[in-house]
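Could you look over the model below before we discuss it? My comments follow as numbered points.

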Amino acid sequence: MLAEERFREILKIVTKKNSDCNRADRTSGYFRVYDQRDLTQLHKRGALLKVHGGATVLNGAYTTKDAKVSEREGLYVEEKRSIAKLAAALIGQEDFVYIDAGTSTASLAEAISEREAVYVTNGILHAKCLAEKGCRVFLPGGELKEDTQALVGGAAVEWLNKYNFTKGFFGTNGIHLEKGYTTPDISEALVKEAAMKRCREAYVLADSSKFGHVSSVTFARFEDAQIITDHISDPVFQTCSNIEEAES
């Protein structure tokens, strides 16, 4: 099994069971005994918290660094595809659409079939994907952040403040009822905040691992966007009216 496939399996088990995936229930047959190196790598990415003997979910924990796109793009692939499919269906030919940088929104760029809409994105890879489909796409100015392949900074914010989007689709590192939508980097947070304020309808695309998680900087309140996710496992969020689950 490839490393990224092992990582996805570990994260799914830890998220669903909220348990120690290295020593719990060995007699039940449900858990595997994972290589400590896999747990260490996921801990370094901020995907889980490594503890003595195993690992636990990060709900309620804080992260202060963003993993590289190359490290995140192999996680929750099928979940992101189902989320992206539902989000793409919301785009009509008259829309002026903003697409945030990130791996969940990268799946959206791949899923988009509406070529009559006009797109703006601060994601370099997203722009390339849309342009190859024959879509009309614009990039803001700004500094290129290598880790996330996103254009950030004051120039990007100033550029975005000139526009009024019908729909915007955003990624996030964490979703919390009180802290809202969060990301580790202030430069990216400022761009997200500016773009979301210019959207008539704002959507956050997030797999279930993001719920209850908090990163360094808040870029929007919880009620500022509709959330599209694969499923809601955290009971705190199960009664929230602004969350829609995509079909698996």
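The points below concern one strand, its neighbours and a pair of helices.

1. On conventions, this is a predicted model in which local features need pLDDT of at least 70 and side-chain atom pairs count only at pLDDT 80 or more, while totals for chains, interfaces and linings use all residues. Residues are numbered from 1 along each chain as its sequence is written, and side-chain values use heavy atoms, with hydrogens and water left out.

2. Strand β4 (residues 96-99; strands are DSSP E runs of at least two residues, helices H or I runs of at least four, numbered from the N terminus) is covered on both faces, with F96 and Y98 buried on one side and V97 and I99 buried on the other. Buried here means under 20% relative accessible area, with a 1.4 Å probe and protein chains only.

3. β4 runs parallel to strand β5 (residues 118-121), to which four bridges join it, and F96 has V118 as its bridge partner in β5. Three bridges join β4 to strand β9 (residues 165-170), also in parallel, and here V97 is partnered by K167; pairing requires at least two DSSP bridges between two strands.

4. The axes of helices α5 (residues 103-111) and α6 (residues 124-132) come within 9 Å and cross at roughly 5°, the axes being lines fitted to C-alpha atoms over the stretch in contact, with angles from 0 to 180 degrees between N-to-C directions. The two helices α5 and α6 are therefore roughly parallel, a term used for angles under 35 degrees. T105, A106, A109 and E110 of α5 meet H126, C129 and L130 of α6, where contact means heavy atoms within 4.5 Å.

How values were computed:
Parallel < 35°, antiparallel > 145°, perpendicular 65-115°, else oblique. Buried < 20%, exposed > 50% of the residue type's maximum accessible area, 1.4 Å probe, protein only.
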